[in-house]
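Reader: Hello! I am new to protein structures and would love a close look at how one pair of helices meets. Could you walk me through it slowly?

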Amino acid sequence: MNSQDLQFVIITGMSGAGKSQAMNSLEDQGYFCVDNLPPTFIEKFAELCAQSQGAITKIALVCDLRGGEFFAPLSQILQQLRRQGLKYQILFLEASDETLVRRYKESRRRHPLSPDGILEGISAERAQLAELRGKADKVIDTSNLTAQQLRESVAEIFGHRKDNDRIRISMISFGFKYGIPMDADLVMDVRFLPNPFYIEHLRPLTGEELEVKEYVLDAPLSKAFLIRYTDLLNYILPHYIKEGKTNLVIAIGCTGGQHRSVAIACEIGRLLKREDYQINIKHRDALRNKGGIKP
């Protein structure tokens, strides 16, 4: 076995964004994990793992600004490893300033870049990590995720792949009033479809319930849209796979994320499953409006 046969994940990102939870998830998936490894040791470490005679085939390393001056050459080292044929994926974790400040206050820890000012440290860290974030294979915004949800997201991305040539698709329904999911690759606005909110007995329901599904999906406009949009997806997905993309987040949005986006995300997910794609469906905002608050 050589280093090119290893499944190699490098976890990095903002301090306080959940890198330890991501590492724990990968450890549960059978990855050999090392926290806060100086980048200069990555190449040697990969060589040692490759010499383990198959005992270690999956590796996850956490590299971040805790490494101080040792962290600075990470981008350069990664470019060198890529030229040498070592295949790796970069998982970048981030969160909003507000979330990071709250987490630091709850943990009573100091920021590594600014012990006396949390916001100053966060701003400096974002600037230093901007280039690395742009090179990441997967970015996860953990602002609205619990620790368990983050572990599950990481497991969905990196765990138990039966066919590495396929692509994992996450369908996320959301409400535009709450913001577009930061990790979305494709965003579709379905606010042009008939809105169940204006039907009194449908208003408190969500798009997962049969009456709402029928109202949304039986509309001629919805039927025409689904044909065209799934045709588009079936056309572009093989090209994503050809380019080496292994994860794709498709976000479907309506005003409040309760009715139309939920029903459409479920239906698109069902149609793509028929094509043997691996689909995971999440409804980010479906329950926020339940009870009749106008979307």
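Reader: In which crossing, left-handed or right-handed, does α1 pass α6?

Author: Happy to help! Please keep in mind that this is a predicted model. The crossing in which α1 passes α6 is right-handed. The contact brings together Gln21, Ala22, Ser25 and Leu26 from α1 with Ala147, Leu150, Arg151, Val154, Ala155 and Phe158 from α6. By character, the residues of this contact are 7 nonpolar, 2 polar and 1 charged.

Now for the geometry. Helix α1 covers residues 19-28 and helix α6 covers residues 147-158; their axes come within 8 Å and cross at roughly 50°. The two helices are therefore oblique to each other.

Leu26 is a good residue to follow from here. Setting aside neighbours within four places in sequence, Leu26 is in contact with Val154 and Phe158, and also with Val9, Ile11, Tyr31, Cys33 and Ala60. Leu26 also belongs to the largest nonpolar core, which has 48 residues. Within that core, the residues that touch the most other members are Phe8, Ile11, Leu26, Ile42, Leu61 and Leu91. There is a second, separate core of 29 residues, and Ile169, Ile236, Tyr277 and Ile279 are among them.

Tyr31 leads us to another residue. Not counting residues up to four places away in sequence, Lys58 touches Tyr31, along with Gln7, Gln29, Gly30 and Phe32. Lys58 lies in strand β3, which spans residues 58-62. Its relative accessibility is 17%, so Lys58 counts as buried, the cut-off being under 20%.

For a companion to your helix pair, look at α8 (residues 220-242) and α9. These pack at an angle of about 50°, with their axes 11 Å apart. Like any pair at such an angle, α8 and α9 are therefore oblique to each other, and α8 passes α9 in a right-handed crossing. On the α8 side, the contact is made by Phe225, Leu226, Tyr229, Thr230, Leu233, Asn234 and Leu237; on the α9 side, by Ile264, Glu267, Ile268, Leu271 and Leu272. The residues of this contact divide into 9 nonpolar, 2 polar and 1 charged.

One last stop is Val262, which lies in α9 (residues 260-273). Val262 has 0% relative accessibility and so counts as buried. Leaving aside neighbours within four places in sequence, its contacts are Ser173, Gly207, Glu208, Gly257, His283 and Ala286.

Terms used: Residues numbered from 1 in each chain as written. Predicted model: local features only at pLDDT ≥ 70, side-chain atom pairs only at ≥ 80, totals over all residues. Heavy atoms only, no water. Axes fitted to C-alpha atoms, helices over the stretch in contact; angles between N-to-C directions. Helix = DSSP H or I, 4+ residues; strand = E, 2+ residues; numbered from the N terminus. Parallel < 35°, antiparallel > 145°, perpendicular 65-115°, else oblique. Left-handed = near helix turned anticlockwise from the far one by under 90°. Contact = heavy atoms within 4.5 Å. Nonpolar A, V, L, I, M, F, W, Y, C, P; charged D, E, K, R; others polar. Buried < 20%, exposed > 50% of the residue type's maximum accessible area, 1.4 Å probe, protein only. Core = buried A, V, L, I, M, F, W, Y, C linked by side-chain atoms within 4.5 Å.
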